[in-house]
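Thank you all for coming. I would like to walk through one structure with you this morning, going from its interior outwards to a loop and then to the way some helices pack.

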Amino acid sequence: MTQEIKRCDWATKNKIEQEYHDTEWGIPVHDDRQLFKMLVLEGKQAGLSWTTILAKKETLCEAFDDFDPSALVTYDDKKKAELLQNDGIIKNKLKINAAISNAHAYYDVCEQYGSLDNYLWSFVDNKPIINSWKSTKEVPASTPLSDKLSKDLKKQGFKFVGSTTVYSFMQSVGMVNDHLDTCSFKTNS
């Protein structure tokens, strides 16, 4: 007899959300490239739904060299113009410029802190914050900690890193575990 899988409420609408929820969301990430990619993708979500980003993720990764900072820092006006013609991505000039600007900020942070991982995870004392929620309605859109990290990221030169975006990022890379208490994917470590 198989046990029924219970998911957080937001991950029950479609297959793409379910897969993301089950395989990525809330799992601690310590790889600098993956952390950077998720930070940029979360910024691209601003004003859109995460489902939109997930649906375009493959095309976005292809168009932006898998969000490799070493590639992004070389993007010039010709590359930006090419991206603005790509129907498979979010064609927002500010968001395109932010991805490039964020790659430069990434290198500055790595120089100062040794890695993006060291920098980001220091905000949670290098261990996930495990929250206890009974309902999605209880989960905040931002917190004083996401306010603090957002402010510091902006000081470091990052763009599209408002507090709500940063909190969503923290959830996505497992700095914060906001799986509902009833969720089969909830861990306490």
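Leaving aside neighbours within four places in sequence, which residues is Leu-116 in contact with? Before I answer, please keep in mind that this is a predicted model. With those sequence neighbours set aside, the contacts of Leu-116 are Asp-32, Leu-35, Phe-36, Tyr-106, Val-109, Cys-110 and Phe-158.

Leu-116 is a useful place to begin, since it is named, together with Phe-64 and Leu-120, among the residues with the most contacts inside the largest nonpolar core, a core that has 52 residues. The elements that give two or more residues to this core are α2, which covers 32-45, α3, α6 at 93-113, α7 at 116-121, α8 at 144-155 and α9 at 163-172. Of these, α6 supplies the largest share, with eight residues.

Let me turn to α2. How many of the 14 residues of α2 are buried? The count is 12 of the 14, so this helix is largely enclosed by the rest of the structure. The buried set includes nonpolar side chains such as Leu-35, Phe-36, Met-38 and Leu-39, but I would point out that Asp-32, Lys-37, Glu-42 and Lys-44 are buried in α2 as well. As a check on the geometry, the 14 residues of α2 should span 20 Å at 1.5 Å a residue, and its end C-alpha atoms are indeed 20 Å apart, which agrees.

From Lys-37 in α2 we can step across to a loop. The C-alpha atoms of Lys-37 and Asp-66 are separated by 7.4 Å, although the two residues lie 29 residues apart along the chain. Asp-66 sits in the loop between α3 and α4, the latter being residues 69-72, and, beyond its neighbours within four places in sequence, Asp-66 is in contact with Arg-33, Lys-37 and Cys-61. The backbone deserves a look here, with phi of Asp-66 near 55°, a positive value in a residue other than glycine. Phe-67, in the loop between α3 and α4, likewise has a phi near 55°, again positive and again in a residue other than glycine.

Is each of these two loop residues buried, partly exposed or exposed? Asp-66 has 31% relative accessibility and therefore counts as partly exposed, whereas Phe-67 is buried, with a relative accessible area of 0%.

Now to helix packing, beginning with α1, residues 15-23, and α3, residues 50-63, which pack at an angle of about 85° with their axes 10 Å apart. These two helices are therefore roughly perpendicular to each other. On the α1 side the contact is made by Ile-16, Glu-17 and Tyr-20, and on the α3 side by Trp-50, Thr-51, Leu-54 and Ala-55. By class, that contact has five nonpolar, one polar and one charged residues.

Glu-17 of α1 merits a moment of its own, because at 7% relative accessibility it counts as buried. Apart from neighbours within four places in sequence, Glu-17 is in contact with Trp-10, Ala-11 and Thr-12, and also with Thr-51 and Leu-54.

The second pair is α8 and α9, which pack at an angle of about 110° with their axes 8 Å apart, and which are therefore roughly perpendicular to each other. From α8 the contact takes Leu-145, Ser-146, Asp-147, Leu-149, Ser-150 and Leu-153, and from α9 it takes Ser-163, Val-166, Tyr-167 and Met-170. By class, this contact has six nonpolar, three polar and one charged residues.

Finally, a few words on α8 itself. Its buried residues are Leu-145, Ser-146, Leu-149, Ser-150, Asp-152 and Leu-153, and what covers them includes α2, α7, α9 and the strand β1 at residues 129-130. The 12 residues of α8 should span 16 Å at 1.5 Å a residue, and its end C-alpha atoms are 17 Å apart, which agrees. After α8 comes Gly-157, with a positive phi near 105°. I will stop there and take questions.

Notes
Residues numbered from 1 in each chain as written. Predicted model: local features only at pLDDT ≥ 70, side-chain atom pairs only at ≥ 80, totals over all residues. Heavy atoms only, no water. Axes fitted to C-alpha atoms, helices over the stretch in contact; angles between N-to-C directions. Helix = DSSP H or I, 4+ residues; strand = E, 2+ residues; numbered from the N terminus. Parallel < 35°, antiparallel > 145°, perpendicular 65-115°, else oblique. Contact = heavy atoms within 4.5 Å. Nonpolar A, V, L, I, M, F, W, Y, C, P; charged D, E, K, R; others polar. Core = buried A, V, L, I, M, F, W, Y, C linked by side-chain atoms within 4.5 Å. Buried < 20%, exposed > 50% of the residue type's maximum accessible area, 1.4 Å probe, protein only. Expected span 1.5 Å × (residues − 1).
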